[in-house]
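Me: I would like a close look at a single part of this protein. Please keep it brisk, and link that part to what surrounds it.

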Amino acid sequence: MRSESSILRLGLPIVMVFIWGLSASQVAAQSRLSREDEEFGPVVRAYLGYLRNEQEVVDDRVSRREISRAYYRRNSNRIRALRQIAIRIARESANDYLPELEAVAADEMGTLFEHPPRPATLRVSAVLGGTLRFLGSVRSGEIFYVFARLDPYEQVEATRKGRAVDGRQPRAGAPKRGGPTTRPRRVITP
C-alpha cells in the first residue's frame with residue numbers, strides 16, 4: 001500500500017506537468033495563428049476562424065472513428081486549400097471581403113455542375129454555370145479546384161457583358177443574353 005501511494009504522489013506531479021506542457025503548447029499555437037490573422041480585417045479573420053473550427057470538427061470525428069482516414073485526409077487537405085486561397089485573395093485585394101468559396105477534387109466536380117467541366121479546360125476567371133468563377137487550382141495533398149460563387153450582381157454583370165457560361169465570348173450572330181424578355185408593344189391606331 002505504501003508503495004502505491006508514493007507512486008501516486010510522484011505520478012500526479014508528472015501528469016500535471018505533462019498537462020501544463022500540452023496546454024502551453026496549445027496556447028502558443030493559438031497565439032501564432034492569431035498573429036498570422038492580425039493582418040486581415042474581421043471578415044477574413046472570421047472565415048479563417050471558421051476553417052480552423054471545421055478542422056477541429058474533422059479532427060474530433062476521426063479521433064472517435066466516425067470517419068475513415070481517407071475522408072479525413074481529403075477534408076483536411078480541402079480546408080488547407082481553402083485557407084491558402086482565402087489568404088491569397090485577401091492579400092492581393094487588400095480588402096476585407098471574401099466570396100463564398102468552393103473547393104472540389106476532380107472526381108467531385110459533379111457536386112457543383114450538372115455537366116462537369118474537364119479540369120484541363122478550366123481557365124482562371126472563367127465563369128461556369130453562370131454562378132461560379134474559377135479561381136485556380138491548389139495542390140494540397142491532391143489537386144483541388146477552387147471556385148468563387150458569384151453574387152447576384154456579378155451574375156447579372158457577367159450576363160450583360162455577353163460572356164457565355166464558360167467565360168468565352170459568344171459566337172458572332174448569337175443572341176445576346178440579358179436583353180428584354182418581352183416583345184415591343186404594338187401601337188394600335190384608331
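Which side chain does the side chain of glutamate 108 join in a polar contact?

Reply: Arginine 78 is the partner. Bear in mind that this is a predicted model. In it, the side chains of glutamate 108 and arginine 78 are joined by a polar contact of 2.8 Å.

Start with where glutamate 108 sits. It lies in a loop. That loop runs between β1 (100-104) and β2 (127-128). Is glutamate 108 buried or exposed? Its relative accessibility is 16%, and the cut-off for buried is under 20%, so glutamate 108 counts as buried.

Now look at its contacts. Set aside the neighbours within four places in sequence. Glutamate 108 then touches Arg74, Arg78 and Ala103.

Two of those contacts lead to a helix. Arg74 and Arg78 are contacts of glutamate 108, and helix α3 covers residues 69-93. Helix α3 packs with helix α2, residues 42-63. Their axes are 10 Å apart, at an angle of about 170°. Angles over 145 degrees count as roughly antiparallel, so α2 is roughly antiparallel to α3. On the α2 side, the contact includes Val44, Tyr47, Leu48 and Leu51. On the α3 side, it includes Tyr71, Tyr72, Ile79 and Leu82. By class, this contact between α2 and α3 has 13 nonpolar, three polar and six charged residues.

The third contact, Ala103, leads to a strand, for β1 spans 100-104. β1 belongs to an open sheet of four strands. The order is β1-β4-β3-β2, and the pairing is antiparallel. The edge strands are β1 and β2, each pairing on one side only. The loop that holds glutamate 108 lies between these two strands in sequence.

Next, follow the sheet across from β1. Five bridges join β1 to β4, residues 142-149, and the two run antiparallel. Leucine 101 stands opposite alanine 148 in β4. Glutamate 100 stands opposite arginine 149, also in β4.

On to β3, residues 132-140. Eight bridges join β3 to β4, again antiparallel. One pair here is arginine 139 with isoleucine 143 of β4. β3 and β4 form a hairpin, with one residue between them. Glycine 141 is in the turn and has a positive phi of about 80°.

To recap: glutamate 108 is a buried residue in the loop between β1 and β2, and its side chain makes a polar contact with that of arginine 78.

Definitions and conventions
Residues are numbered from 1 along each chain as its sequence is written. This is a predicted model: local features need pLDDT of at least 70, side-chain atom pairs count only at pLDDT 80 or more; totals for chains, interfaces and linings use all residues. Side-chain values use heavy atoms; hydrogens and water are left out. Buried means under 20% relative accessible area, exposed over 50%, partly exposed in between (1.4 Å probe, protein chains only). A polar contact is a pair of N or O atoms within 3.5 Å; within protein, one must be able to donate a hydrogen and the other to accept it, and residues adjacent in sequence count only if both atoms are side-chain atoms. Contact means heavy atoms within 4.5 Å. Two strands pair if DSSP finds at least two bridges between them. Axes are lines fitted to C-alpha atoms, for helices over the stretch in contact, and angles run from 0 to 180 degrees between N-to-C directions. Angles under 35 degrees count as roughly parallel, over 145 as roughly antiparallel, 65 to 115 as roughly perpendicular and the rest as oblique. Ala, Val, Leu, Ile, Met, Phe, Trp, Tyr, Cys and Pro count as nonpolar, Asp, Glu, Lys and Arg as charged, and the others, Gly among them, as polar.
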